[in-house]
Amino acid sequence: MLGLLIPVLMGSCIKEDYDDCDNVTIAFKYFADGDRDVLSQYISIIDLYVFDADERLVDVYHYSQSEISGEIAFRLPGGTYQVVAVGNAYDRTASVGVEGGEIDNMFITHPAWGGNGTLTGHDDNYLGTATIQVPETEGKKSHSVVVLRSAHVDVSIEIHGLAAPQSGELPCRLVIEQANAATSFRNVVDGSQQGTYCPELVYDAASGCYRTDDLALLRMDNDGTLDPDLCRHIIRLEDTDGNVLVEERLYDFLQRYEDELDVTRQEALLPMSIIFRPLEVEVDLPVWYIEDITPGWN
């Protein structure tokens, strides 16, 4: 009997010594545009930043998809803390200001932002914050929920009417100027920080068009309202010599289709179709998107 009890005691907290006991548990939630938790459908990894009462960074934890599907647990000294969860920070996400450790000076951006390469777009990022109170009394626990919200807009741009690529060389280049480049750890877009993005284009032989692939931009709304100061994007298509083939102000495009497009949703999609015809160039909604939303029109 004694031999059976020893492994159990070694693998658990001992009442008189709580140094190895977790006293913080956190559950992550994401509700998208509904009232049901759908975190596992959209978020694969979470980086959790822990700040003390003075809002200075004290620790960072990294969690996989299997770990965030339940409650995560760790230990902190008693006191008040603020936590920031950053979801889906992959190759196109950099957390800036971590070295300084002050929450108000920390933000996410593309790793190439600031002149270190080409900006191609962002990961499908999500951010969430919560204040947690860790009990001073040993043996007691803090239970918290961090609700994440979207920090991005999925963008789908397709170009019709241009010749198929020759020897792998594309006849055009897509440029998005004045796009928002930074979102604070409080999930507020910094409209003063902008960048020029050159997303990759792929040729879809089945439909005979060029299109973006897995393109996401930072949000352009302020508290659920499209903000002209956060939507100054210029969409420009150039030929291989840099000549402008077509140019469109994104805000004008969204105003033109305000009844069909809503980029303020949590899972927002921004589709655009550039069509070259014999006598004109048309910037419109893609046919597949129009067909998809028609049943919901009044």
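This briefing describes salt bridges and the accessibility of the residues that form them. The model is predicted, and it holds 17 salt bridges. Three of the pairs are treated below: Glu 55 with Arg 186, Glu 238 with Arg 173, and Glu 282 with Arg 277.

**Glu 55 and Arg 186**
- A salt bridge joins the side chains of Glu 55 and Arg 186, with an N to O distance of 3.1 Å.
- This pair links distant parts of the chain, its residues being 131 residues apart.
- Glu 55 belongs to the loop between strand E2 (46–51) and strand E3 (57–63), while Arg 186 belongs to the loop between strand E13 (183–184) and strand E14 (194–197).
- Glu 55 is partly exposed at 26% relative accessibility, and Arg 186 is partly exposed at 34%.

**Glu 238, Arg 173 and their network**
- In the salt bridge between Glu 238 and Arg 173, the closest N and O atoms lie 3.0 Å apart.
- Because Glu 238 is in strand E20 (residues 234–239) and Arg 173 is in strand E12 (residues 172–180), the pair ties together parts that are 65 residues apart in sequence.
- Glu 238 is buried, with a relative accessible area of 7%, whereas Arg 173 is partly exposed, with a relative accessible area of 40%.

**Glu 282 and Arg 277**
- The side chains of Glu 282 and Arg 277 form a salt bridge at 3.1 Å, N to O.
- Glu 282 has a relative accessible area of 23% and is partly exposed; Arg 277, with a relative accessible area of 40%, is also partly exposed.

**Shared partners**
- Arg 173, Glu 177, Arg 236 and Glu 238 are joined into one network by salt bridges that share partners.

Technical notes:
Residues are numbered from 1 along each chain as its sequence is written. This is a predicted model: local features need pLDDT of at least 70, side-chain atom pairs count only at pLDDT 80 or more; totals for chains, interfaces and linings use all residues. Side-chain values use heavy atoms; hydrogens and water are left out. A salt bridge is a side-chain nitrogen of Lys or Arg within 4 Å of a carboxyl oxygen of Asp or Glu. Helices (H or I, at least four residues) and strands (E, at least two) are DSSP runs, numbered from the N terminus. Buried means under 20% relative accessible area, exposed over 50%, partly exposed in between (1.4 Å probe, protein chains only).
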